[in-house]
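Colleague: Could you take a close look at one sheet for me, strand by strand, and then fit its surroundings around it?

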Amino acid sequence: MHPRDQTIFALSSGRPPSAIAVVRVSGSQAGAVLTALTGQLPAPRQANRRLLRDAAGQPIDDSVVLWFPGPASATGEDVAEFHVHGGRAVLAALIAAISKIQNTRAAEAGEFTRRAFENGKLDLTEAEGLDDLIHADTDRQRRQALRQLQGLLGNRARDWRERIIEASALIEAGIDFSDEGDVPAELMAPAVKAIRALHDEITEVLAAQGHAERLRDGMVVAIAGPPNVGKSTLMNQLARREVAIVSPHAGTTRDVIEVQLDLDGYPVTVIDTAGIRETEDPVEQEGVRRARARAEDADLVLWLEDGDHPADRSKASPIPTRKRPSGEIDFRGLTVLHVRNKIDLVAGEGTDLAEGQIGISASRGFGVPELVNLLVGFAATFFGESEGALVTRARQRELLYRASDSLHRSLELVEEGEELAAEELRAAAYALGRLLGRVDVEDVLGAIFQKFCIGK
């Protein structure tokens, strides 16, 4: 039997031990599995309490079971669910009992969702939204992913594709009736109007697409500066826990340390880097090299300076000349915010700050809330108006560009020949079909679904 025809099963809830665990079964044998373990098939879509028994008649657990006959199920196939106590021994016994039933096997990562996609229960944009929802770390990411799962982009793409097919039908009808005098002209005018409207809509969507992709990936903030200026202390303050070793000795941080933060719903990765300095220690040299590389790739650099001995900005900087700190927000290059630490040790606290510089005491928390507010403000500008954005992935953006380009070319070719314009419309419809996962997408399915967790 082909693996896709086999009945699959997996733990679909959290890692044990837990109060309750859910084991899901999908495929033609799901009903047989349910009958084998409970003695009878329960009423569809109703929770039923059943004592589960293995093939030898030995009890496994007192459970709640559910039966969803296909195609009215999450995957479009027959689906059974076992809600059992979440102990490791219970789950091991249940999985062993299911695996002994003929033509059943453990599910691969994302296989339940892939079957739902292949059975028409969701399109590829909705599957991508589900993946984003599973991996959402902040509330803004959750809301964006949920909108995709509910068909925000998919519904629009289906509408666009239908309208392209309608316009294409008009043009091809004009070709078929080319000997009917004024009939082609009557058909071409509404077709051209529809194509132009479609092109304008897709172009408008693409113009605002970047912010949603940023929200998926998050923003990277690198804490950089000379050794022993309090970078690790600031990292711990932002994380509100001890994630980095703090020491009075220079060169303590050798590798890059990362922590994920939720700043007002914005996903932010903060990086603590090694102190930038000349050193003969090969291990510290590698740390400095990595610090420079991460600082250059960050969306924002917090350049930390010692309140007692501010660094001379005219000297060597870890940032290349083309991205040298300017103290201004400049999205054409790297943005650097100068932070002067240890201001509690300086007489006239906070009065000797350079323009564009913020003063803090990382060890005592002075100025840290103000710094966090600045980070939130920068994040709001960086992510922009992502609420309601349709495009959240590079794959989606690329296919929409292809559709837009084909529509543009079809408008240019209308005067030269209806056949050429019709061919470009077919290309646009094909691109939207790939976006939805309805034509020729086998090459991308593995890359998408393998990122799902087992049991989803």
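Modeller: Sure. One definition before we start: two strands count as paired if DSSP finds at least two bridges between them. Keep in mind, too, that this is a predicted model.

By that rule, the sheet I'd pick is an open one of six strands, in the order β8-β9-β7-β10-β11-β12, with mixed pairing. Its edges are β8 (257-263) and β12 (357-359), each of which pairs on one side only. Ignoring direction, neighbouring strands here are turned by 25 degrees against each other on average. Zoom in on β7 (residues 219-224) and β10 (residues 300-306): these two pair in the parallel sense, over four bridges. If you want a spot to click on, try Val221, which stands opposite Leu300 in β10.

Val221 will come back in a moment, when we get to the nonpolar cores. As background, nonpolar side chains in soluble globular proteins tend to be buried together. The largest nonpolar core here has 32 residues, and the members touching the most others are Trp160, Ile164, Ile171, Leu400 and Leu407. Helices α6 (152-176), α7 (183-207), α12 (394-413) and α13 (418-436) each supply at least two residues of this core, and α13 gives the most, with nine. Take Leu407 as a way in: leaving aside neighbours within four places in sequence, Leu407 is in contact with Ile164, Ile195, Leu198, His199, Ile202, Leu425 and Ala428. A second core, separate from that one, has 31 residues, and this is where Val221 turns up again, along with Val259, Val270 and Leu302 among others.

Now for the other sheet. Another open sheet of six strands runs in the order β3-β4-β5-β2-β1-β6, also with mixed pairing. The strands at its edges, pairing on one side only, are β3 (48-53) and β6 (104-106). The average turn between neighbouring strands in this sheet is 30 degrees, direction ignored. Inside it, β4 (residues 59-68) and β5 (residues 79-86) run antiparallel and are joined by five bridges; Val65, for instance, has Phe82 in β5 as its bridge partner. Helix α1 (residues 30-38) lies across β1 (7-11), β2, β3, β4, β5 and β6, at about 75 degrees to β3. Helix α3 (residues 111-118) packs on this sheet as well, touching β1, β2 and β6, and its direction makes about 135 degrees with that of β1.

This is also a good place to bring in the annotation. An unreviewed UniProt entry lists Arg24, Glu81, Lys121 and Lys456 under "binding site". Arg24 lies in strand β2 (residues 18-26) and counts as buried because its relative accessibility is 16%, below the 20% cut-off. Not counting residues up to four places away in sequence, Arg24 touches Ile8, Phe9, Ala10, Ser12, Val79, Ala80, Glu81, Phe112 and Gly455. Notice that Glu81, from the UniProt list, is among those contacts.

Lys456 sits in the segment after α14 (442-449). Its relative accessibility is 27%, so Lys456 counts as partly exposed. Setting aside sequence neighbours within four places, the contacts of Lys456 are Gly110, Glu111, Phe112, Thr113, Leu130 and Ile134. Phe112 is therefore worth displaying with both listed residues, as it touches Arg24 and is also in contact with Lys456.

Technical notes: Residues numbered from 1 in each chain as written. Predicted model: local features only at pLDDT ≥ 70, side-chain atom pairs only at ≥ 80, totals over all residues. Heavy atoms only, no water. UniProt positions renumbered as here; feature names shortened; annotations may be inferred. Buried < 20%, exposed > 50% of the residue type's maximum accessible area, 1.4 Å probe, protein only. Contact = heavy atoms within 4.5 Å. Axes fitted to C-alpha atoms, helices over the stretch in contact; angles between N-to-C directions. Core = buried A, V, L, I, M, F, W, Y, C linked by side-chain atoms within 4.5 Å.
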